[in-house]
Amino acid sequence: MSAPKEFTCAADDWARASKEIYQRMALSIEAEQVRSLMFLDTFDWRLYRAGYVLAHVDDTLELSDRETGTVVARAAAHNGTAMNGELPGKLRGRLAGVLGLRALAAVASVDSSSVVLAARNDDAKTVARLVLSDSRVDHGGRRATLKYRLSVVPLRGYDRHASRLSEELAGTAGVEPISSSLFEEAVAATGRRPGDYTSKLSLDLNRDVSTYDAARLIYRTLLQVMNANRAGVVQELDTEYLHDFRVAVRRTRSALKELAGSLPVELENRFRDEFRWLGQATTPTRDLDVCLLEFPAFRQRVGVSSGDLDPLHALVSDEKRRAHARLRTELRSTRYQRLCKEWSRAVDAEAPSTGAGPVGTTSIGELADARIRRVARHVLRDGSRIDDASPAESLHDLRKRCKELRYLLEFFSSLYEPKLHRSLLVELKALQLNLGQFQDTQVQRHALEEYAERLLEAKKTPAAALLAIGRLVAVLEDQQRTARTEFADRFSEFAGAKNRSRLSALTEARP
Amino acid sequence: MRTVATYSIKGGVGKTSAALNLAYLAARDGQRTLVWDLDPQAAATFLFRVRPRIKGGGKALVRGKRDIDDAIKATDFPGLDLLPADFSYRHMDLMLDDAKRPTRQLGKLLKPLSLDYDLVVLDCPPSISLVSENVFQAADLLLVPLIPTTLSLRTFDQLLGVVAALDGRRPDVRAFFSMVDGRKRLHADIMRDLPHNRSDILKASVPSATDVERMGLTRQPVVVSNPGGRAAQAYTALWQECHDALFGPGAGTAP
């Protein structure tokens, strides 16, 4: 095991220990620095999860390996570039796959005063460094002082010297190893924990819990997701805040339907309406987000004169701005605030304002089995009725059923055998992907036709722009036809004997 | 990862000074940079205060018996590492000649470093040999210091001919005027009479300056020891041109 590189000491020991180390190890002062650094990550900690730490230090962005602290990429950054999602070329290429659609935001801002001490050999070559730092975190106007930190910085090819320095530090009275990095400590000082948010639902339930308690856990968790994402939706930091917010609303609505009777019926009815309202309030912005995200692909599909789509892009962007302004108003409204407050009180773990509903005392294991069986039966029944002549709505309805099944499987994943559960989800996702492709192209086609009408009315639109939309609609029709043709195969795979037996094995009865 | 080699058939023309200063400036701009001191005289290694010794010698390195990774040493400057020289490099031609594809061996050795470095600077020994052929194959940019004399321009044209005749991959060859003495009329005449359309000669020229000579004493790049001096400014301008040649103009890392 390698020697620890990070140490700390109590405030009272700091002056004495620093002086002792400096003299005993014959170090020289290389630099005294006052630095401000800002740690950046996405809201769902994509860099942290991928093993990186990104820091904006002075005019530089430094990407380091989270475990070793080694800088793996460095790029000059002008103020705010990373925050605007405009990473310098070199980092953009490296991180594009990790960040996906998510924007970077500051996760902690640290001010440090440090002294860099150098251990040198007989040639006056620096062979290891020791950085003594005293740091503070600024968070919402409050300043938190971090622990004094003594960091050994090894230099490539001179590891032995760094190890010796670590050993000496470990033997200094009052100095002890610290396991958390500056990044982790700084994030903790802001009240967050790296990895504390993920869009994946992870609920720990067991079969004997009452439906009442299980439902409240589900609702509470989903409400936390909504609360966590609200600010990002309002500030429009990236499109994923709204995506996650909407998924949480949809999951809540689905739970209100499938777990009906866990809470008092009147309460459920009331909140069913409220969450329908909330879901509908978010739809226009999301549809326009999806349309804008598709633009690079649209441009590719219509071929060479992709500038022809610019008038359409301008129109959609404008619509999106307006839709978002309406959504922002809804999310700041009294109705929304009341919904959150009253729903939170109703589903509170410690002091719920309501008792259990008519099925509240049933064990969740029993109810989950029954609901999964029922919804799966509906998916199989509805899907088998779809043929080439069926209207697009029937595929849309089937897609909604599949989502219900997906949410049930996700709520109750902890109740089932993991391998079986995973296999079912994989099959379901494949079917959902096909239905999603069909539905998305349907929505986009209709939207494009409507936009084309409006551009035509505007009279100033060049003919090339309308022709380009026409070409795009034709491409989308073609894609929709392909998705429709593939549906039969996707569905027969999902409805095949193997998957049916998985479904029965999961809930121990034939659906 | 891009590779630049400072190269000249002649010695004492400012190869090592250019290699060190450019490497330092690249690292300061955020490029993770490695200097490989290929010259057995080990001037670059000395200037970085590193011991000129590779365990097992150059042979172990060239034959792949010693991992190139383990031989690398950090310099005193952040983001700038050194693969030191070893006296055995004087036999590098023979070591390379034993390898399977003797002219591609250096390039092959550098390949695995592409995850760790954005830029490799090869500081070459003065010669035309199998080592130089390897350098021509491995480099993206061959940077040739020229003392402004008629003969050195002639030699540079000969070098262009040699590179043009190479099979396969060829580096971009650019020269710059080095050790320019403002008091010498010949230097001024040569630089003035140079055809304006020669894009293979860079605009920046490095003066003959005391602070460059003093690098042996300060053991620091002049851009560190005397950042406001004429030589430091010349290297900064030269790096900007090299950066554009290597990464494309406005590629973003140079401030």
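## Two helix pairs in chain A

A crossing is left-handed if the near helix is turned anticlockwise from the far one by less than a right angle, and right-handed if clockwise. Helix 12 of chain A passes helix 13 of chain A in just such a left-handed crossing. This is a predicted model, in which local features need pLDDT of at least 70, side-chain atom pairs count only at pLDDT 80 or more, and totals for chains, interfaces and linings use all residues. Residues are numbered from 1 along each chain as its sequence is written, chains are lettered from A and ligands numbered from 1 in the order in which they are written, and side-chain values use heavy atoms, leaving out hydrogens and water.

Helix 12 spans residues 364-384 and helix 13 residues 392-411. Their axes come within 9 Å and cross at roughly 155°. The two helices are therefore roughly antiparallel (over 145 degrees). Helix 12 brings residues including A:Ile372, A:Val375 and A:Val379 to the contact (heavy atoms within 4.5 Å). Helix 13 brings A:Leu398, A:Leu405 and A:Leu408, among others. The contact residues divide into 9 nonpolar, 2 polar and 5 charged.

Helix 6 (residues 211-235) of chain A packs with helix 11 (residues 334-347) of chain A. The angle is about 150°, and the axes lie 10 Å apart. This crossing is left-handed. Among the residues of helix 6 that meet helix 11 are A:Tyr219, A:Leu223 and A:Arg230. On helix 11, A:Tyr336, A:Cys340 and A:Trp343 are among the partners. Here the split is 7 nonpolar, 2 polar and 3 charged.

## How these terms are set

Axes are lines fitted to C-alpha atoms, for helices over the stretch in contact, and angles run from 0 to 180 degrees between N-to-C directions. Helices (H or I, at least four residues) and strands (E, at least two) are DSSP runs, numbered from the N terminus. Ala, Val, Leu, Ile, Met, Phe, Trp, Tyr, Cys and Pro count as nonpolar, Asp, Glu, Lys and Arg as charged, and the others, Gly among them, as polar.

## Cysteines in chain B

There are 0 disulfides (cysteine sulfur atoms within 2.5 Å) over all chains. B:Cys124 is in no disulfide, and the nearest cysteine sulfur, that of B:Cys242, is 14 Å away. That is too far for a bond. B:Cys124 is buried (under 20% relative accessible area, 1.4 Å probe, protein chains only), at 2%. B:Cys242 is buried at 1%.

## A buried serine

B:Ser178 sits in strand 7 (residues 172-180) of chain B. B:Ser178 is buried, at 2% relative accessibility. Not counting residues up to four places away in sequence, B:Ser178 touches B:Val13, B:Gly14, B:Pro145, B:Leu146, B:Ile147, B:Pro148 and B:Val206.

Note on methods
Buried means under 20% relative accessible area, exposed over 50%, partly exposed in between (1.4 Å probe, protein chains only). Angles under 35 degrees count as roughly parallel, over 145 as roughly antiparallel, 65 to 115 as roughly perpendicular and the rest as oblique.
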